[in-house]
Amino acid sequence: MMQLIKLEFKKGRMTGYLWGSLITYGVILGFLLLIYMVEGPTQNEPIFQSNAEMLGLIDTLIRATFLIYASVLLSKLVIGEFQNKTMALLFAYPVSRKKLLTAKLSMVFVWTLANVIIANFLIGTIFLTVNANLGYVPDTITSELLINHGISILTNAIAAAGMSLLPLTIGMRKKSVPSTIVTAVLLVMVVCSNNMGFSLGSIIAIPLSLGAIGILLTLLSIRNIDRVDVA
């Protein structure tokens, strides 16, 4: 399995996606710093009431971004290859179809999981450091805050990685890249949207359930792949 993943990594020129992730980190950081610097000095109605609220918004934006990013990766590795018939060539090799698809989908899962964790750590650390010097958010950093947020990041990252596979069901049915990406956008709108401080994603059972559904539907999608005509 690891050999298949390495081959896919080379074949798909995934190095470009590594740079894409770094650029995405920078864009998210720049956007949040702009909000912080513009709204931070307004102490009458501060944009963030506490460090926990600030870190929560960072986590939500990161998950939303990389869920959509994962749909692009999913489109490139799976849906696009079904669409342009290159998947039929891959399936002609003496390798199990299930293993090929599992390798591709494992890459999407791990990619999303790693990026959500890394981005949260880097951007969250930068924000806490900036706020410790500027003090726009009148709150102190405690070990309890860091531990709770660390657990939240890990849990949400696992949920996001599972949810990143949900668009596969629609994409495989229609063999459509736009449908795959639009499904991810709609998922983000439902789970990550903030309405008067409330988000469905804040109820941890919801993203975890959607993540589990994503993994289950993925397993069902590839269960009968050996009998599917991809020509």
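Author: In this predicted model, a residue counts as buried when its relative accessible area is under 20%. By that cut-off, 43% of the 231 residues of the protein are buried.

Reader: What makes up the surface that the protein exposes?

Author: The exposed surface comes to about 12100 Å², and carbon and sulfur atoms supply 69% of it.

Reader: How many helices and how many strands does the protein have?

Author: The protein has 9 helices and 0 strands. Read from the N terminus, the order of elements is α-α-α-α-α-α-α-α-α.

Reader: Why are α3 and α7 called roughly parallel to each other?

Author: Helix α3 (residues 51–83) packs against helix α7 (residues 167–174) at an angle of about 20°, and their axes lie 9 Å apart. Angles under 35 degrees count as roughly parallel. The angle of about 20° falls under that limit, and α3 and α7 are therefore roughly parallel to each other.

Reader: Is the crossing of α3 and α7 left-handed or right-handed?

Author: The crossing in which α3 passes α7 is right-handed.

Reader: Which residues of α3 and α7 meet?

Author: From α3 come L74, V78, I79 and F82, and from α7 come P167, L168, G171 and M172. By class, this contact has 7 nonpolar residues, 1 polar residue and no charged ones.

Reader: What makes G171 of α7 count as polar?

Author: Gly is placed among the polar residues by the classification used here. G171 in α7 is a Gly, so G171 belongs to the polar class.

Reader: How do you know that contacts join residues far along the sequence?

Author: Among contacts between residues at least 6 apart in sequence, 83% join residues at least 24 apart.

Technical notes: Residues numbered from 1 in each chain as written. Predicted model: local features only at pLDDT ≥ 70, side-chain atom pairs only at ≥ 80, totals over all residues. Heavy atoms only, no water. Helix = DSSP H or I, 4+ residues; strand = E, 2+ residues; numbered from the N terminus. Buried < 20%, exposed > 50% of the residue type's maximum accessible area, 1.4 Å probe, protein only. Contact = heavy atoms within 4.5 Å. Areas by Shrake-Rupley, 256 points an atom, 1.4 Å probe, with all protein chains shown as cover. Axes fitted to C-alpha atoms, helices over the stretch in contact; angles between N-to-C directions. Parallel < 35°, antiparallel > 145°, perpendicular 65-115°, else oblique. Left-handed = near helix turned anticlockwise from the far one by under 90°.
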